[in-house]
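This report walks through one chain, from its overall layout to its charged pairs. Please keep the sequence and the structure in view while reading.

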Amino acid sequence: MTFRLNRFARHLSIRAKLVVAFVLFAGLPVAAVGGVGALHALALLSHGLESRLRTETTLRAETVRRTMSQSEADVLFLAALPTVRALAAHGDPRSAAAVSEAFFGFARSRPMYDQMRYLDPRGRELVRVDRDASGRVVV
C-alpha cells in the first residue's frame, strides 16, 4: 500500500493545497522555534529558582548560626554568675532561690527562651523558669 501524493492532492482544492503547504513550510518551523524557546525559558526559570533557594538557604543558615552563637554566649554568661557558681559548688536551697531569681530576670530580657533550667550533675532539675503563652514568666 503506497501513498501517492498526486492521487491525494488531486482531490484537494487549490485553497486546501495552500493551507497544507503553509502549515508544513511555516507552521512546523514556528512550532519548533517555539518549543526551543519554551525549553530555554524553563531552563532560565529553573536556574532562577535554584538561585533563590540557595540564597534563602544561606540566609536561614546564617540566622541559625547567629541564634546558636547568641545562645552559647547566654549559657556562658549564666554559668559565670556567682549565684549559679555557688549552686554548682554547694547545691544549697538558698543558692537555688537566688539562681531562680537570676533566671527570672534573664528570661524577661530574652523572650526567645521558653524555658530555662538548671540541672545538677546527676541530671536533677533544681531550678526551672517557664514562659507561658501570654509571655509571662512562671517559676
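The sections below cover the layout, the core, the hairpin, the surface and the salt bridges.

## Layout

The model is predicted. The chain has four helices and three strands. Along the sequence, their pattern reads α-α-α-α-β-β-β. Helix H2 covers residues 14-80. Buried residues account for 15% of the 139 residues. The exposed area of the chain is about 11200 Å². Carbon and sulfur atoms contribute 64% of that area. Take the contacts between residues at least 6 apart in sequence: 37% of them link residues at least 24 apart.

## Core

The largest nonpolar core holds 14 residues. Phe103, Met116 and Val127 have the most contacts inside this core. At least two core residues come from each of four elements: helix H3 (82-90), helix H4 (93-109), strand E1 (115-119) and strand E2 (125-131). H4 gives the most, with five residues.

Which residues does Met116 touch, leaving aside those up to four places away in sequence? The contacts are Leu78, Phe103, Phe106, Ala107, Val127, Arg128 and Val129. Two of these, Phe103 and Val127, are themselves among the core residues with the most contacts.

Asp74 sits in helix H2. Is Asp74 buried or exposed? Asp74 is buried, because its relative accessible area is 4%, under the 20% cut-off. Beyond residues up to four places away in sequence, Asp74 touches Phe106, Arg110 and Tyr113. Phe106 also appears in the contact list of Met116.

## Hairpin

E1 and E2 pair in the antiparallel sense. Five bridges connect the two strands. Leu119 stands opposite Glu125 of E2. The hairpin has five residues between its strands. Among the hairpin residues, Gly123 adopts a positive phi near 90 degrees.

## Surface patch

Val20, Leu24, Phe25 and Leu28 make up a nonpolar patch on the surface. Together they have about 430 Å² of accessible area. Val20 lies in helix H2. With a relative accessible area of 40%, Val20 is partly exposed.

## Salt bridges

Side chains of opposite charge can pair when their charged atoms come close. How many salt bridges does the structure hold? The structure holds eight. Three of them are listed here, including one in helix H2.

| Salt bridge | N to O distance |
|---|---|
| Arg60 and Glu56 | 2.8 Å |
| Arg117 and Glu125 | 3.2 Å |
| Asp130 and Arg128 | 2.9 Å |

Arg60 and Glu56 are four residues apart in helix H2, so about one helical turn separates them. Arg60 is exposed, at 57% relative accessible area. Glu56 is partly exposed, at 36%.

In the second pair, both partners are partly exposed: Arg117 has a relative accessible area of 41%, and Glu125 has 35%. Glu125 also faces Leu119 in the strand pairing.

In the third pair, Arg128 is partly exposed, with 33% relative accessibility. Arg128 is also one of the residues that Met116 touches. Elsewhere, Glu62, Arg65 and Arg66 form one network through salt bridges that share partners.

Notes. Residues numbered from 1 in each chain as written. Predicted model: local features only at pLDDT ≥ 70, side-chain atom pairs only at ≥ 80, totals over all residues. Heavy atoms only, no water. Core = buried A, V, L, I, M, F, W, Y, C linked by side-chain atoms within 4.5 Å. Buried < 20%, exposed > 50% of the residue type's maximum accessible area, 1.4 Å probe, protein only. Contact = heavy atoms within 4.5 Å. Areas by Shrake-Rupley, 256 points an atom, 1.4 Å probe, with all protein chains shown as cover. Pairing = 2+ DSSP bridges. Patch = residues over 30% accessible without salt bridge, like charges linked within 9 Å, V, L, I, M, F, W, Y side chains within 5 Å. Salt bridge = Lys/Arg side-chain N within 4 Å of Asp/Glu carboxyl O.
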